[in-house]
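Please look at the protein shown here, and work through the questions that follow one at a time. Each answer sets out its reasoning before it arrives at the value or name that was asked for.

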Amino acid sequence: MSAVRGPKTSPPQGAPGPAPATPPRPAPEAAPGPARAAAPPRVVTGRLVRTRSGNLSLLVRGRAAAVTAALLAALVAVMGVSLTTGDFDLSVGEVARALTGDGSGPADFVVNTLRMPRLVTALCVGAALAVSGAILQSITGNPLGSPDIIGFTNGSAVGALVVIVLLHGSMTQIAIGALAGGLATALAVHLLMLGRGIQGFRLVVVGIGVSALLLAVNSYLITRATFQEALEAQAWLIGSLGNRLWTHAQAIGLAVAVLLPLALLLSRRLSMVEMGDTTAMALGVDVTRTRTVLLVVAVALAAFATAVTGPIWFVALAAPQVARRLTGSAGPALLASALTGAVMLAVSDLAVQRLFAPALLPVGTATGCVGGVYLVCLLVTESRKSRA
């Protein structure tokens, strides 16, 4: 579009003439010299540690390493307080001698028979539930995706109750029944979600419905039991670490020793799956196989934990989110989640032992109260995000 010019007049004598038209300045990218760089995207920094062969490498982030070290220190502190305090106080030296087999009779009984099996069970169960919740939350892309919300914990409880009430099975049989119940629940939820994906609130809604149905089955099984069996089953359903022996600690310890390293080995693929199926497949990840294996690992961890202590609520829901916030990680942070879950459950069990003594309060009541408040806050936060 051309400009409209007025009548041509000559400027007065001595006055400056019109300034010559100046060409437009070239765009910055056309100017000679280096162009101004855009703001770089946020990248995860850290130190890359490789093996000598170069087959394995690990990116160590400073904040995550510091948080992990702090969690380990907190874990050691909780273990020390749990083993040295109680109705029969012991010194650190007496505990150390009891653990090495050189302690006196009373100290050896208190440490190795009463306190240590309960503590080991609490640490392993907390780690198992936290890693199970971290995997499920990562797979579903939903902070509400934990085994107790989706229904896997109640499914494991159904399998364990069938063995306890109807078959009168041993600890090994209870663990097998809990695993079978959890896997069957996972299969049922998968079939209900078939063709619709496993992301979003749809999975949570379906899981809540399945969980309610399984809770009714648990109540029915209790009505079929004798009075003594019903009391034992009801106490087990609350979730307790009381009267746990080395058989319980060995069972959950073996499950964690096998399943936790497998989950850590697959954590990198899990982080890629969080980026989306297309991106993960472009990076060479078999998305279907990875999700299936991780789902089985998550269900197995929750099932073994439930078989040992009964359903302990909200550790799997809260621990992964706390670990992510502490480490500032965009990924699942499975190791930090395991340590967070172990510390949370050990602290909760220590609190119910010391604050409510001599009453024998199950640890499931403490985690349920704290977790209920956390769940309300989480639902409010998610509701605000959906409105934004």
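Q: Is L254 buried or exposed?
A: In this predicted model, L254 is found in helix α9, which covers residues 246-265. Its relative accessible area is 56%, and a residue counts as exposed when that value is over 50%. By that cut-off, L254 is exposed.

Q: What distance separates the C-alpha atoms of L254 and F304?
A: L254 sits in helix α9, and F304 is 50 residues apart from L254 along the chain. In space, the C-alpha atoms of L254 and F304 are separated by 9.8 Å.

Q: How are α9 and α12 oriented relative to each other, roughly parallel or roughly antiparallel?
A: The axes of α9 and α12 come within 10 Å, and they cross at roughly 165°. Angles over 145 degrees count as roughly antiparallel, and the crossing of these two helices, α9 and α12, is left-handed. The angle of roughly 165° is over that cut-off, so α9 and α12 are roughly antiparallel.

Q: Is the crossing of α1 and α3 left-handed or right-handed?
A: Two packed helices are described by the angle between their axes and the distance between the axes. For α1 and α3 the angle is about 150° and the axes are 10 Å apart, and these helices are therefore roughly antiparallel to each other. As for the handedness, the crossing of α1 and α3 is right-handed.

Q: Which word describes how α5 lies relative to α6, oblique or roughly antiparallel?
A: Helix α5, residues 152-167, packs against α6 at an angle of about 140°, with their axes 7 Å apart. An angle has to be over 145 degrees to count as roughly antiparallel, and this one, at about 140°, makes α5 and α6 oblique. The crossing in which α5 passes α6 is right-handed, while the word for the angle between them is oblique.

Q: Is T172, a residue of helix α6, buried or exposed?
A: T172 is found in helix α6, and T247 lies 75 residues apart from it in sequence, with 9.3 Å between their C-alpha atoms. The relative accessible area of T172 is 53%, and the cut-off for this class is over 50%. T172 is therefore exposed.

Q: Is V78 buried or exposed?
A: V78 is found in helix α1, and its C-alpha atom is 9.9 Å from that of M344, although the two residues are 266 residues apart in sequence. A residue counts as buried when its relative accessible area is under 20%, and V78 has a value of 12%. V78 is therefore buried.

Q: How far apart in space are T327 and T68?
A: T327 is found in helix α13, which spans residues 315-327, and T327 is buried, with a relative accessible area of 2%. T327 and T68 are 259 residues apart in sequence. From C-alpha to C-alpha, the distance between T327 and T68 is 8.3 Å.

Q: What is the phi of F314?
A: F314 is found in the loop between α12 and α13, and it is buried, with a relative accessible area of 15%. Its phi is positive, in a residue other than glycine. The value for F314 is near 75°.

Q: Is N243 buried or exposed?
A: N243 lies in the loop between α8 and α9, and it has a positive phi of about 60° although it is not a glycine. The relative accessible area of N243 is 73%, against a cut-off of over 50%. N243 is therefore exposed.

Q: Which helix gives the most to the lining of the second largest pocket?
A: About 1200 Å³ of space lies in the second largest pocket, and 45 residues line it, of which R118, L241, G242, N243 and L360 are the closest to its centre. Helices that each supply at least two residues of this lining include α1, α6, α8 and α12. The helix that gives the most, with seven residues, is α3.

Q: How many nonpolar residues are in the lining of the second largest pocket?
A: The residues of this lining divide into nonpolar, polar and charged groups. The polar group holds twelve residues and the charged group eight. The nonpolar residues in the lining number 25.

Definitions and conventions:
Residues numbered from 1 in each chain as written. Predicted model: local features only at pLDDT ≥ 70, side-chain atom pairs only at ≥ 80, totals over all residues. Heavy atoms only, no water. 1 Å grid on protein atoms, 1.4 Å probe; cavity = no way out; pocket = protein on both sides within 12 Å on 5 of 7 lines; lining within 4 Å. Points joined across faces, edges and corners; volume = space filled by probe spheres on them. Helix = DSSP H or I, 4+ residues; strand = E, 2+ residues; numbered from the N terminus. Nonpolar A, V, L, I, M, F, W, Y, C, P; charged D, E, K, R; others polar. Buried < 20%, exposed > 50% of the residue type's maximum accessible area, 1.4 Å probe, protein only. Axes fitted to C-alpha atoms, helices over the stretch in contact; angles between N-to-C directions. Parallel < 35°, antiparallel > 145°, perpendicular 65-115°, else oblique. Left-handed = near helix turned anticlockwise from the far one by under 90°.
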